[in-house]
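Biologist: I would like to learn how to read a structure model. Please show me one feature at a time.
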Amino acid sequence: MSVTLLIEQLLNGVQLGTMLFLMASGLTLVFGVMGLINLAHGSFYMVGAYATAAVTASTGSFLVGLGAGIIAAALVGALVELIVIRRLYHRPHLDQVLATFALILIFSEGTRWIFGSSPMRLSPPSWLTGFVTLPGDTRYPIYRLMLIGVGITVSIALYFLISKTRLGMRIRAGESDREMIGALGVNISKLYTLVFALGAGLAGLAGALVGALQSVQVGMGEPVLILAFVVIVIGGIGSIKGALFGALLVGLVDTLGRVYLPIFFRTFMPPSEASGVGAALAAMLIYILMAIILAFKPKGLFSAHD
Amino acid sequence: MTNNTPLTNNTGLSKSAAPGVANSGLATQPDNHFDRKGLVQIVLLGLLFLVPVAAYFLGHIYYVNLASRITIIAMAAVGLNLAIGYGGMVSFGHAAYFGLGGYVAGISAYHAFNFTPFMTWPVNVPGSDSMLVVWLVAILVCALLALAIGAISLRTTGVYFIMITLAFAQMIYYFANSWPTYGGEDGLPIYLRNGLPGLDTNNALTYFLICFFGLVLAMAITSRLMKSRFGAALTMARLNDVRLATAGISPYPIRLVAFVISAVITGLAGALYADLNGFVSPTMLSWHFSGELMVIVILGGVGRLYGPLAGAVLFVMMETLLGGMTQYWQLFLGLVLLGVVLFAKHGVMGWLAGRERNE
């Protein structure tokens, strides 16, 4: 029983981690290449989920919906970059925070205006519902397993994109010296739009996939955004490797903490108190982890920038 | 360094209103907008005082409470402005102190109301319904929390600092959300407003005057602080911390102290806010509120003594007026904010009273 629980929770942790990576990789790329802190990244997550829900409802196909969600998020990302974000690259971080905070307000209220306040329905397709039996008699939902698969696939694809393709070369060049690649004749503004749209598309994918698991509603991107911030702070802002490592670490610590801390406190406290203390402490666990890591490595584990 | 000569003026209006570069002896720049600025400041503070007094005697209690709300939010923003505007520390987590101050008021009143002790071990600590006790505890608790958060966060700079302060505030938020003793996510009502000896705090005007006193005090402290040697060091820590270090002053403790003072001011505002609403909930701790406080500081004009006040007036007015017209008022707030950030960097005070800093 307890081994089953452990396997199940480990998988849940990895699943949360892979979805966090989809969010965090976009954030960290945008920061690494353009030096921009983007609070509105959670809005792309929400846009992806809403577009997927709307298209899935009208076409009946989850896959078509998913494709539409990714494209919608990437397009909205590109549009936002063209209209607002590119005015912010040379501004101080404070301006970037405020402008993207303004974008959150606009996106959240705009979505509420169009789709209403009640959550939209989005559920996984029938061929992805059900359970698989893993070794050790663990029954685990296929859909969550699929999320892990998608997360791993995207991570590998991203690795190849960045280390093997021409676009990836430019991204890496942009990370190490922005002015120089402009001087070398690379169309920097096009590159920036592309990177921003890529990040937005990944966030949209995460939003669509998680939206089918939880619910599609206004403000759904905000808790994830803050987790993604913790991830990239732990991993080192600008580092994809750090984002992957941080995402898995945060996913596992958060998931396991929520399950095992209350159990742990129950060994020496009355059950009602134990669940309260355990839950409260579990909610703080990843932030404590972040504080400890930063106390020793103020630039995160895999810092790309000094 | 103690004789910080005030700018040459003969009106004396805004003796307390020239923070930052001009005062620290780093740059001497003639202030052309002197009279205009002083006038705007007097009008702003005067209106904030006179309108609720008039409203009270005309029987419009609603406007008195609205003015209390503006005053408290302005006070919280004064605290944040000390960190962001004067210290250059972009804290995205000041809701933590605001909410913590609120919870001190709420928890204290809760125990006083139920006659239950807050804790029994190692010493018996009862609740209290006295604002003086609440404020004192709020100051202590916020200072300790800010000391811990600041000590870790200030080891980092730039984006890291923004995100870490945000993350710590979220930590407190989730803690309050999932800790069931004091209402968890439902929040905690304050059935009886905490009291002050000799005053009827339930009277709307009395309460407004308490808040107004708090705001003026916070502004006076900020002004005094920024005119002191400490303020000069803080300004230099913002402008060029290497030069400050070369002068033999370590920037880290200077920043940390400013961060703690800033948090304490915001925390006290939070305690006042909880008593005003008779309710405290994790919403006061949420990152949305941190964002709104930053918005207020920027709308008003960052690093200006009266900026937070102007920003708070504008923000609460927009919330009240636009919120009355459409439930999607935050959409318009977003558009206004975007416009201010992209096109009007100096905020309302910059527009009304002229630019202050050489940027």
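Modeller: Start with burial. B:Phe92 has 0% relative accessibility, so it counts as buried. Keep in mind that this is a predicted model.

Biologist: Which ring does B:Phe92 pair with, and how are the planes set?

Modeller: Its partner is B:Trp287. The ring centres are 6.0 Å apart and the planes stand at 55 degrees, so the pair is tilted. Edge-to-face would need an angle over 60 degrees. B:Trp287 is also at low accessibility: 5%, so it counts as buried.

Biologist: Where do B:Phe92 and B:Trp287 lie in chain B?

Modeller: B:Phe92 sits in the loop between α2 (61-86) and α3 (95-114) of chain B. B:Trp287 belongs to helix α10 (residues 287-300) of chain B. The pair therefore ties together parts that are 195 residues apart in sequence.

Biologist: How many aromatic pairs does the structure hold over all chains?

Modeller: The count is 28 over all chains. One of them joins B:Tyr62 and B:Tyr63. Their centres are 5.1 Å apart, with 80 degrees between the planes, and the pair is edge-to-face.

Biologist: Are B:Tyr62 and B:Tyr63 buried or exposed?

Modeller: B:Tyr62 is at 52% relative accessibility, so it counts as exposed. B:Tyr63 is at 46%, so it counts as partly exposed. The cut-off for exposed is over 50%.

Biologist: Which residues of chain A form an aromatic cluster?

Modeller: A:Phe44, A:Phe107 and A:Phe196 form one.

Biologist: Now helices. What describes two packed helices?

Modeller: Two values do: the angle between their axes and the distance between the axes. Take helix α10 (residues 240-266) and helix α11 (residues 271-296), both of chain A. They pack at about 150 degrees, with axes 7 Å apart. That angle makes α10(A) roughly antiparallel to α11(A). The crossing of α10(A) past α11(A) is right-handed.

Biologist: Which residue classes make up the contact of α10(A) with α11(A)?

Modeller: The contact has 17 nonpolar, 3 polar and 3 charged residues.

Biologist: At what angle does helix α9 of chain A cross α11(A)?

Modeller: Helix α9 (residues 221-235) of chain A crosses α11(A) at roughly 25 degrees, and the axes come within 10 Å. That makes α9(A) roughly parallel to α11(A). Here the crossing is left-handed.

Biologist: Next, records. Which residues of chain A does the UniProt annotation "transmembrane region" cover?

Modeller: The unreviewed UniProt entry gives 20-40, 60-85, 97-115, 142-162, 191-213, 225-253 and 274-296. Set such a record beside the model. Over residues 191-213 of chain A, the chain is 100% helix and 0% strand. The end C-alpha atoms of that stretch are 33 Å apart. Over residues 20-40 of chain A, the chain is 71% helix and 0% strand. There the end C-alpha atoms are 15 Å apart.

Biologist: What is the sign of phi in most residues other than glycine?

Modeller: Most have a negative phi. B:Phe115 has a positive value, near 55 degrees. That residue lies in the loop between α3 and β1 (117-119) of chain B. At 78% relative accessibility, B:Phe115 counts as exposed.

Biologist: Last, sequence against space. How far apart are the C-alpha atoms of A:Phe302 and A:Ile237?

Modeller: They are separated by 8.1 Å, with the two positions 65 residues apart along the chain. A:Phe302 is in the segment after α11 of chain A. Its relative accessible area is 28%, which means partly exposed.

Biologist: And what is the distance in space between A:Ser163 and A:His93?

Modeller: It is 29 Å, C-alpha to C-alpha, for residues 70 apart in sequence. A:Ser163 lies in helix α5 (residues 142-164) of chain A. With a relative accessible area of 27%, A:Ser163 is partly exposed.

Biologist: Where is B:Ile61 found, and what separates it from B:Val313?

Modeller: B:Ile61 is in helix α2 of chain B. Its C-alpha atom and that of B:Val313 are separated by 18 Å, at 252 residues apart along the chain. B:Ile61 is partly exposed, at 37% relative accessible area.

Terms used:
Residues numbered from 1 in each chain as written. Chains lettered and ligands numbered in written order. Predicted model: local features only at pLDDT ≥ 70, side-chain atom pairs only at ≥ 80, totals over all residues. Heavy atoms only, no water. UniProt positions renumbered as here; feature names shortened; annotations may be inferred. Helix = DSSP H or I, 4+ residues; strand = E, 2+ residues; numbered from the N terminus. Axes fitted to C-alpha atoms, helices over the stretch in contact; angles between N-to-C directions. Parallel < 35°, antiparallel > 145°, perpendicular 65-115°, else oblique. Left-handed = near helix turned anticlockwise from the far one by under 90°. Nonpolar A, V, L, I, M, F, W, Y, C, P; charged D, E, K, R; others polar. Phe/Tyr/Trp six-rings, centres within 6.5 Å; stacked < 30°, edge-to-face > 60°. Buried < 20%, exposed > 50% of the residue type's maximum accessible area, 1.4 Å probe, protein only.
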